[in-house]
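Welcome, and thank you for coming along. Open the model in your viewer, keep the selection box handy, and follow the stops below.

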Amino acid sequence: MSESYDLVVIGAGSGGVRAARMAATYGARVAIIEEYRFGGTCVIRGCVPKKLYVYASRFKDSFDIASTFGWHVDASFDWPTLVANKEKEISRLETAYVAGLDRTGVEIIRDRAEIVDANTVRTVNGGRTLSTRYILVATGARPSIPDIPGKELGITSNEAFDLKELPHSILIEGGGYIGVEFATIFAGLGVHTTLIYRGTCVLRGFDEDLREGLDAGLENRGIRRIYETNVKSLRREGKDILVSFGDGTEAPFGAVLFATGRAPNVHNLGLEKAGVELRADGAIEVDRFSRTNVSSIYAVGDVTGRTALTPAAIREGAAVAETLFNNNPVAVDHSLIGTAVFSEPEVATIGLTEAEALTHGDIDVYLARFRPMMNTLSDKTDRMMLKMITLAEDQRVLGLHIIGPGAAEMIQLAAIAMGMKATKADFDRTFAMHPTAGEELVTFKAPTYRYRNGAKV
Ligand SMILES: Cc1cc2nc3c(=O)[nH]c(=O)nc-3n(C[C@H](O)[C@H](O)[C@H](O)COP(=O)(O)OP(=O)(O)OC[C@H]3O[C@@H](n4cnc5c(N)ncnc54)[C@H](O)[C@@H]3O)c2cc1C
């Protein structure tokens with residue numbers, strides 16, 4: 001027998017949960033179907049456990065300099081304690097997500113969902129048929145790994161959080177944010193860490209100064225980087241995995257982690273039956289309102305291949321609920337989204353890189369580089385960098401890039417000013433908070449360098 005809904009949401013991650021709750025608050029009859037755990041990637045095997053592990057790994061740097069502040073610490077690390085406490089916390093959050101959905105009257109269905117047609121969804125195991133005015137696909141993405149011999153010996157970010165024991169060494173393939181975050185997590189926890197990436201430096205697409213700064217930070221932490229090559233094959237050798245590289249060399253590692261990108265979860269979802277169009281990369285094609293080419297089917301979050309970040313999925317989910325059930329069409333503006341990399345050192349950025357800004361005309365670049373105060377008593381060589389890029393014509397801030405402690409927190413607040421189209425004068429008018437690293441952003445004097453007609457002067 002078919003049951004009737006206003007909205008059936010497939011996937012209870014960041015985007016799906018927000019849309020379901022808001023739609024129910026606006027009076028819609030909503031069901032949400034989840035095949036794994038409520039909370040999705042972010043809560044269960046993404047942002048949340050990642051940040052907890054980042055915190056764990058950062059004790060290492062603190063212990064390293066503790067003695068310069070008079071502390072003598074005899075530290076040791078226990079991986080199972082971290083894994084167990086992480087599990088406790090994400091289970092707490094999962095329960096809170098379910099309770100929140102329940103409170104707003106959303107029907108919770110634990111199953112895998114499949115689209116039957118433009119207005120029908122079927123649960124794969126329970127065999128229920130749900131007819132609905134609208135379907136929201138919020139199925140996220142999954143790690144994609146290279147198709148090479150022995151690939152099954154490697155792990156992805158999904159498994160990394162729950163390893164039975166810490167390996168003595170790890171090879172991480174990938175120079176994106178997930179790769180570098182896991183590299184500094186494992187290195188901080190005492191694992192000999194190597195990062196291999198086919199590009200010339202980590203964090204492709206980020207400002208060059210951030211990329212170089214992070215590369216130096218990885219070097220300072222003893223993380224070996226192998227650039228411009230890749231992994232060709234894996235094979236078991238005793239307890240280790242023997243890795244063959246693109247340059248013909250081989251080396252054994254305790255574990256191999258693929259951080260080689262993520263693919264949208266569109267397989268076996270019934271999208272083709274409903275006639276939903278996909279992009280060449282497999283993501284679901286949507287318009288500004290997250291609507292697919294089928295007028296009753298919407299899609300939000302990672303499965304749409306727009307901005308693969310939790311706040312984007314949440315914003316898109318909320319906009320769909322507003323549009324469909326509050327008579328208030330909302331299109332999400334993806335043009336100015338700050339992003340952080342919780343590596344060590346931390347990286348955060350908003351707006352244009354120097355190379356991108358140059359395409360907008362003459363620009364001024366303000367740069368501050370210094371040792372974070374926390375390290376000044378020790379011989380730690382890490383350098384912090386804050387960079388502001390302004391349009392020469394009206395001094396509007398086009399980009400802000402920070403590497404060092406607190407980078408993400410600083411960019412989060414500076415993003416408000418950027419969204420208001422702040423100029424350098426607006427930053428200058430702000431009193432500094434002293435002593436902080438962030439005060440550099442409001443005390444820049446003359447530009448460190450300028451570009452006029454494309455030439456650095
Ligand atoms: C290691 C890692 C670290 C990250 N760190 C950050 C970070 O620091 N900050 C940040 O903003 N973002 C981070 N992200 C990205 C963030 O997790 C995602 O952008 C976000 O979770 C996307 O939300 P979503 O709703 O699109 O999908 P998801 O959260 O992935 O949820 C999709 C859900 O759909 C379910 N599902 C899939 N198919 C079906 C089906 N057929 N039937 C039923 N259920 C189905 C899945 O089980 C899943 O629970 C990280 C991601 C990873 C992997």
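Start by selecting tryptophan 71, which is exposed because its relative accessible area of 61% is over the 50% cut-off. A word before you zoom in: the model you are looking at is predicted. Tryptophan 71 sits in the loop that runs between helix H3 (47-66) and helix H4 (79-103). Now add Phe59, Phe63, Phe69, Val73, Met374 and Leu377 to the selection: with Trp71 they make a nonpolar surface patch of about 760 Å².

**Next stop: a pocket**

Rolling a probe the size of a water molecule over the atoms shows where empty space is left. The second largest pocket has a volume of about 530 Å³. To find its centre, select Met410, Leu413, Gly438, Leu441 and Val442, the closest to that centre of the 23 residues in the lining. Which helix gives the largest share of the lining of this pocket? Colour H11 to see: six residues of the lining come from this helix. Helix H11 (407-419) and helix H12 (424-429) each supply at least two lining residues. By character, the lining divides into 15 nonpolar, four polar and four charged residues.

Stay with these helices for a moment and select lysine 421, in the loop between H11 and H12. Its phi is near 60 degrees, a positive value in a residue other than glycine. Lysine 421 counts as exposed, at 56% relative accessibility.

**Pairs of opposite charge**

Side chains of opposite charge can pair when their charged atoms come close. How many salt bridges does the structure hold? There are 35, and three of them make good stops.

- Select aspartate 6 and arginine 133, whose closest N and O atoms are 3.5 Å apart in a salt bridge. This pair links distant parts of the chain, with aspartate 6 in strand S1 (residues 2-10) and arginine 133 in strand S6 (residues 129-137), 127 residues apart. Arginine 133 counts as partly exposed, at 45% relative accessibility.
- Move to arginine 225 and aspartate 215, a salt bridge with its closest N and O atoms 2.8 Å apart. Arginine 225 belongs to strand S10 (residues 224-227) and aspartate 215 to helix H7 (residues 208-220), so this pair ties together parts 10 residues apart in sequence. Are these two residues buried or exposed? Both arginine 225 and aspartate 215 are buried.
- Return to helix H12 for aspartate 426 and arginine 429, which form a salt bridge with the closest N and O atoms 3.1 Å apart. The two lie three residues apart in H12, about one turn of the helix. Aspartate 426 is partly exposed, with a relative accessible area of 28%, whereas arginine 429 is exposed, at 59%.

Then select Arg58, Asp61, Arg221, Glu344, Glu346, Lys380 and Asp382 together: salt bridges that share partners join them into one network.

**Last stops: the backbone**

Glutamate 344, a member of that network, is joined to proline 345 by a cis peptide bond, with omega about 5 degrees. Proline 345 is in the loop between strand S17 (339-341) and strand S18 (347-351). Another cis peptide bond joins histidine 434 and proline 435, where omega is about -5 degrees. Look for proline 435 in the loop between H12 and strand S22 (449-452).

Finish at glutamate 228, in the loop between S10 and strand S11 (231-237). Although glutamate 228 is not a glycine, its phi is positive, about 55 degrees. Glutamate 228 counts as exposed, at 60% relative accessibility.

Technical notes
Residues are numbered from 1 along each chain as its sequence is written. This is a predicted model: local features need pLDDT of at least 70, side-chain atom pairs count only at pLDDT 80 or more; totals for chains, interfaces and linings use all residues. Side-chain values use heavy atoms; hydrogens and water are left out. Patches are made of residues with over 30% relative accessible area and no salt bridge: like charges are joined within 9 Å, nonpolar side chains (Val, Leu, Ile, Met, Phe, Trp, Tyr) within 5 Å. Accessible areas come from the Shrake-Rupley method with a 1.4 Å probe; for residues, only the protein chains shown count as cover. A salt bridge is a side-chain nitrogen of Lys or Arg within 4 Å of a carboxyl oxygen of Asp or Glu. Helices (H or I, at least four residues) and strands (E, at least two) are DSSP runs, numbered from the N terminus. Buried means under 20% relative accessible area, exposed over 50%, partly exposed in between (1.4 Å probe, protein chains only). On a 1 Å grid over the protein atoms alone, a cavity is a set of points where a 1.4 Å probe fits but cannot get out, and a pocket is an open set with protein on both sides within 12 Å along at least five of seven lines; lining residues have an atom within 4 Å of a point. Grid points are joined across faces, edges and corners, and a volume is the space filled by probe spheres set on the points. Ala, Val, Leu, Ile, Met, Phe, Trp, Tyr, Cys and Pro count as nonpolar, Asp, Glu, Lys and Arg as charged, and the others, Gly among them, as polar.
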